[in-house]
Amino acid sequence: MSDDARFMRLALALGSRNLGRTWPNPSVGAVVVAEGRIVGQGVTEVGGRPHAEPQALAMAGEAARGATLYVTLEPCSHYGRTPPCTEAIQAAGIARVVTALEDPDPRVAGRGHALLRESGIAVETGILRAIAARDHLGHVTRITKGRPSLHLKLARTLDGFAAGAPDQRLRITGPIADGAVHLWRAHADAILVGIGTARADDPSLTVRLPGLSGRSPLRIVLDSTLRLQPFTHLVRGACDIPTLVVTTRNAPVHAKRMLASFGVEVLSVAADATGRIDLPAALGALSERGLTRICCEGGPRLADALAQADLVDLCTLITGPAALGAGGLPAIGPHLNASLSKGHLKAIETRAYGPDRAVTYERSA
């Protein structure tokens with residue numbers, strides 16, 4: 001492995017720490033290296049600022065002069081609430097900048113690299129680009145498609161079912177796989193479920209890993225007619241963990257007021273031809289609020305609707321070791337099955353979590 005790749009891996013590892021905590025900004029990692037020695041490092045802070053680059057440069061101090069800066073995303077070149085990172089890089093005397101990914105934000109989009117080159121700084125791009133593209137998928141998707149990236153998680157029995165009898169909760173995965181799901185939650189801006197899952201499972205949708213309980217993200221329920229009840233974990237815990245219900249504009253006003261009285265925020269969007277929530281409109285509205293990375297745990301029906309609307313960017317299918325042994329609700333609906341079988345979603349990783357097997361698929365285009 002080259003030195004550039006080695007130091008970029010560190011920058012990516014730093015950036016991954018705050019995934020889910022920096023929206024609407026991407027979680028960027030930065031490392032300053034002088035004569036083969038790491039002299040500074042930084043990551044985008046919670047809430048999106050300060051950015052990674054000025055923090056790494058501040059840690060390096062005078063050692064940054066003539067050094068190389070490794071950063072996972074093209075440095076910003078525009079004035080926002082803070083000055084451009086390109087100016088901080090130039091002022092620090094950095095001689096070389098190595099980046100993993102160009103920022104598609106039209107305020108940057110190659111301009112950051114160009115400004116650095118114009119000032120005499122050597123710039124190399126594309127180091128570990130594929131890894132950076134996955135880490136920054138939410139930011140890129142929000143900028144280029146006007147919606148957050150969506151990671152779909154589904155569990156199924158060995159014979160392919162997600163549930164037995166209607167509205168019956170079925171335990172499929174073991175504690176190791178469950179821990180992985182909680183880690184995905186911790187790295188998401190929000191967790192999304194449909195009203196069917198909210199009513200059948202009464203989930204808390206929190207992060208319950210040691211030391212990470214404070215990383216529970218925003219909880220979102222899609223509920224066209226506002227059937228979410230006040231006695232559920234989601235409503236009762238809304239004062240402690242932000243909870244948002246997305247509904248249609250025709251939903252009952254009294255139900256909106258009831259949820260609001262418990263601290264639940266209600267967001268109304270357009271309905272589709274069937275009267276249900278227009279899913280692209282819902283994700284677009286969530287993007288406007290700054291969300292970049294959504295983990296969906298909404299069950300087969302919502303998963304299939306999202307696949308039909310072509311809104312799935314990643315899909316992790318976890319298969320448990322036991323069969324249901326009787327008819328039940330299939331975990332994969334026809335539209336998601338078509339995306340998987342026709343290669344629209346391609347397998348990129350297979351992992352074993354104890355007796356459970358997880359395969360992750362990624363959008364191919």
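**Two helix pairs in a predicted model**

In this predicted model, Glu53, Pro54 and Leu57 of helix α2 meet Cys85, Ala88, Ile89 and Ala92 of helix α3.

Q: What makes the contact of α2 with α3 divide into nonpolar and charged residues, with no polar ones?
A: Pro, Leu, Cys, Ala and Ile count as nonpolar, and Glu counts as charged. The contact therefore divides into 6 nonpolar, no polar and 1 charged.

Q: Why is α2 called roughly parallel to α3?
A: The axes of α2 (residues 52-60) and α3 (residues 85-92) come within 9 Å and cross at roughly 20°. Angles under 35 degrees count as roughly parallel, so α2 is roughly parallel to α3.

Q: What is the handedness of the crossing in which α2 passes α3?
A: Helix α2 passes α3 in a left-handed crossing.

Q: Why is α12 called oblique to α13?
A: Helix α12 (residues 299-308) and helix α13 (residues 334-341) pack at an angle of about 55°, and their axes are 7 Å apart. This angle falls outside the ranges for roughly parallel (under 35 degrees), roughly perpendicular (65 to 115) and roughly antiparallel (over 145); α12 is therefore oblique to α13.

Q: Which residues make the contact of α12 and α13?
A: From α12 come Ala303, Asp304, Ala307 and Gln308, and from α13 come Pro334, His335, Leu336 and Ser339.

Q: What makes the contact of α12 with α13 divide into nonpolar, polar and charged residues?
A: Ala, Pro and Leu count as nonpolar, Asp counts as charged, and Gln, His and Ser fall among the others, which count as polar. The contact therefore divides into 4 nonpolar, 3 polar and 1 charged.

Methods: Residues numbered from 1 in each chain as written. Predicted model: local features only at pLDDT ≥ 70, side-chain atom pairs only at ≥ 80, totals over all residues. Heavy atoms only, no water. Axes fitted to C-alpha atoms, helices over the stretch in contact; angles between N-to-C directions. Helix = DSSP H or I, 4+ residues; strand = E, 2+ residues; numbered from the N terminus. Left-handed = near helix turned anticlockwise from the far one by under 90°. Contact = heavy atoms within 4.5 Å.
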